[in-house]
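Student: I have a new structure to read. Where do I begin?
Tutor: Look first, then ask.

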Amino acid sequence: MVYLWPAHADNPPLADAVGAIEGEAISVQGPMSVDTANGQVKTILRSGSEVQVKSGQAHIDLVEGGNITICGPSHFSVLKSGGALTIALDRGTIHARIEGSLSLTIYTAQIQAHPISIGNAPEDFLVGLDAAGTMCVRPGNGAVRIEQQLTGQSLLIPQNGDVSLANGQLETLRTSPGQCNCELQLSAKPAGISTQISGLATAEDQKLKAAEAKPADPPQAQAVAPHKEEPIYQVFMPPLRYDANAKVQQDYDPNLIVLVRRARVRPTLIFQGKVEGDPVVAQATPPAPVLTMQKADAAKKSADDSAWNRVRTFFHKLWSPSS
């Protein structure tokens with residue numbers, strides 16, 4: 001996101017222009033201009049511009065050739081006079097690659113660093129300054145001369161050197177590999193990526209979209225996998241405000257940002273049609289009253305035997321000789 005402050009309406013002269021800057025979270029104050037080319041809007045830094053990189057990286061394509069990458073959080077100002085460019089670095093890390101005749105000098109509160117080309121080759125170097133006042137210097141191609149602004153003492157950092165010093169004192173210079181780190185960005189777009197401008201759909205586009213959305217009749221007894229739909233995310237942000245009288249624009253409250261996720265829940269498989277199989281024959285169950293009738297007959301037979309025994313015993317006693 002780039003915050004734009006008012007700029008002069010006239011086009012900046014070539015001698016005043018520093019280069020086009022781009023980044024995800026940067027703010028620019030002071031003289032600048034906006035240029036539109038091939039449908040792209042670019043912010044052109046001019047002499048006196050003040051840049052703040054809140055996070056991530058910012059990239060500057062210099063007018064004379066070369067580029068500068070700034071790793072945030074960083075804050076610096078640019079001043080250009082003729083073929084000399086001065087960067088006043090307050091904090092952050094700068095990775096510069098200078099081509100052509102441009103003379104670049106980086107100033108801090110106590111130290112100034114100036115790259116020196118070897119054999120007219122491009123200059124490539126890093127200069128960083130953290131909040132504690134520790135400065136790091138790493139020449140990648142060519143050398144860098146550092147000078148103490150108060151005492152006038154100077155040192156030459158050779159190519160591929162990696163040093164750091166604290167509080168602007170050259171006596172504290174020591175080797176510190178890996179402290180300066182800020183990779184250069186590629187200004188060219190990768191192959192296969194193109195910029196498209198959205199527009200209203202034509203009648204032919206709507207017919208084609210309707211034909212693609214019409215589902216085909218699935219075959220009988222066939223499992224159809226549901227169409228995979230990615231969740232839809234929407235970000236609702238509060239409106240941005242701009243005050244022409246304010247020196248620093250008020251940022252929006254991040255707590256007012258709302259993230260909405262829309263998704264449709266479906267089962268893993270959807271079965272459509274009729275499932276057929278072998279018929280199942282129910283097993284015949286024997287009638288239940290048979291056992292009950294057998295028990296009733298047995299009880300009746302037992303009762304008949306008991307009555308006959310009593311009659312037979314009576315007649316036996318009646319005709320017995322003892323009687």
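The dialogue below goes from the overall make-up to single residues.

Student: What kind of model is this?
Tutor: This is a predicted model. Keep that in mind throughout.

Student: How many helices and strands does the protein have?
Tutor: Two helices and 21 strands.

Student: What share of the residues is buried?
Tutor: Of the 323 residues in the protein, 27% are buried. The protein exposes about 22,500 Å². Carbon and sulfur atoms supply 56% of that area.

Student: How do I read contacts along the chain?
Tutor: Take the contacts between residues at least 6 apart in sequence. Here, 53% of them join residues at least 24 apart.

Student: Now the strands. Which strand pairs with β10?
Tutor: Strand β11 (residues 111-116) pairs with strand β10 (residues 103-107). The sense is antiparallel, over two bridges. Together β10 and β11 form a hairpin, with three residues between them. Find Tyr107: Gln112 in β11 stands opposite.

Student: How many bridges join β11 to β14?
Tutor: Six, and the two strands run antiparallel. Strand β14 covers residues 143-148. For one residue pair, look at His114, whose bridge partner in β14 is Arg145.

Student: How should I think about charged side chains?
Tutor: Side chains of opposite charge can pair when their charged atoms come close. A search of the whole structure finds five salt bridges here.

Student: How far apart are the closest N and O atoms of Glu64 and Lys80?
Tutor: They are 2.4 Å apart, and the two residues form a salt bridge. Glu64 lies in the loop between β7 (57-62) and β8 (66-81), while Lys80 is in strand β8, so the pair ties together parts 16 residues apart in sequence.

Student: Are Glu64 and Lys80 buried or partly exposed?
Tutor: One of each. Glu64 has 32% relative accessibility, so Glu64 counts as partly exposed. Lys80 has 8%, so Lys80 counts as buried. The cut-off for buried is under 20%.

Student: Which residues share a network with Arg97?
Tutor: Build the network in steps. The side chains of Arg97 and Glu99 meet in a salt bridge at 3.7 Å, N to O. Arg97 also forms a salt bridge with Asp124, with the closest N and O atoms 3.7 Å apart. That second pair links distant parts of the chain: Asp124 is in strand β12 (residues 123-129), Arg97 is in strand β9 (residues 84-98), and they are 27 residues apart. Shared partners thus join Arg97, Glu99 and Asp124 into one network.

Student: How accessible are Arg97, Glu99 and Asp124?
Tutor: Arg97, at 28% relative accessibility, counts as partly exposed. Glu99, at 35%, also counts as partly exposed. Asp124, at 13%, counts as buried.

Student: What should I look for in the backbone?
Tutor: Look for exceptions. Most residues other than glycine have a negative phi, and most peptide bonds are trans.

Student: Where is there a cis peptide bond?
Tutor: From Gly72 to Pro73, with omega near 0°. Pro73 is placed in strand β8.

Student: Which residues other than glycine have a positive phi?
Tutor: Asn120 and Asn167 are among them. Phi of Asn120 is near 60°. Asn120 sits in the loop between β11 and β12. With 79% relative accessibility, Asn120 counts as exposed. Asn167 has a phi of about 55°. The loop between β16 (163-166) and β17 (174-175) holds Asn167. At 48% relative accessibility, Asn167 counts as partly exposed.

Note on methods. Residues numbered from 1 in each chain as written. Predicted model: local features only at pLDDT ≥ 70, side-chain atom pairs only at ≥ 80, totals over all residues. Heavy atoms only, no water. Salt bridge = Lys/Arg side-chain N within 4 Å of Asp/Glu carboxyl O. Helix = DSSP H or I, 4+ residues; strand = E, 2+ residues; numbered from the N terminus. Buried < 20%, exposed > 50% of the residue type's maximum accessible area, 1.4 Å probe, protein only. Contact = heavy atoms within 4.5 Å. Areas by Shrake-Rupley, 256 points an atom, 1.4 Å probe, with all protein chains shown as cover. Pairing = 2+ DSSP bridges.
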